[in-house]
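Please describe the enclosed empty space in this protein model, with attention to what surrounds it.

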Amino acid sequence: VDVTPLLTLAALGAPDELVQPGKKWLATVRLPLLTDTNGRLFSGDFPCRLEYLGRKVNSSYDCAVIRFSGRPATSLPSQLESMNRSGGQLEGVAFFDAETGLIVAAMVDVDTYYARERGRLEARVRVIGQMTIAID
């Protein structure tokens, strides 16, 4: 598995200025939630809708809480270039240290796929599950 660089608020395109809960924006989030036709996980881009939910303490860190949801990118990663269709979605929430912007925790539910269709479904690569990030 190629490891995704540590998520930061900046990597999510979070606004630099102070914002109120409910602020929404669009950004591409890179997560290790795709698999090739041999079952190997790799990182991919997911265009997402993000929303700042406010502040909350998590693992003794004062955190900015971000909710996000998205779908696999329509442009195919090289590992899946034989596929011609994508779908599914992911949803999650992430907690970032308000001082440093580094991730403290995240929970993501994923159900995504890429498929090859030529008049009928010939092949499908699917990822279903949950990803949890926790800093102890």
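How many nonpolar, polar and charged residues does the lining of the second largest cavity have, by class? This lining has 6 nonpolar, 2 polar and 1 charged residues, where Ala, Val, Leu, Ile, Met, Phe, Trp, Tyr, Cys and Pro count as nonpolar, Asp, Glu, Lys and Arg as charged, and the others, Gly among them, as polar.

The model is predicted, with local features needing pLDDT of at least 70 and side-chain atom pairs pLDDT 80 or more, while totals for chains, interfaces and linings use all residues. Residues are numbered from 1 along each chain as its sequence is written, and side-chain values use heavy atoms, leaving out hydrogens and water.

A search of the whole structure finds 2 cavities of 30 Å³ or more. A cavity is a set of points, on a 1 Å grid over the protein atoms alone, where a 1.4 Å probe fits but cannot get out, and its lining residues have an atom within 4 Å of a point; grid points are joined across faces, edges and corners, and a volume is the space filled by probe spheres set on the points.

| Cavity | Volume |
|---|---|
| Largest | about 50 Å³ |
| Second largest | about 30 Å³ |

The largest cavity is lined by Leu7, Leu12, Val29, Leu31, Phe68, Ala94, Ile103, Ala106 and Val108, and by class this lining has 9 nonpolar, no polar and no charged residues. Its largest share, 3 residues, comes from β5, a strand in the sense of a DSSP run (E, at least two residues) numbered from the N terminus.

Around the second largest cavity lie Leu34, Thr35, Leu80, Thr112, Tyr113, Tyr114, Val125, Arg126 and Val127, and β1, β5 and β6 (121-134) each supply at least two residues of that lining.

Technical notes. 1 Å grid on protein atoms, 1.4 Å probe; cavity = no way out; pocket = protein on both sides within 12 Å on 5 of 7 lines; lining within 4 Å. Helix = DSSP H or I, 4+ residues; strand = E, 2+ residues; numbered from the N terminus.
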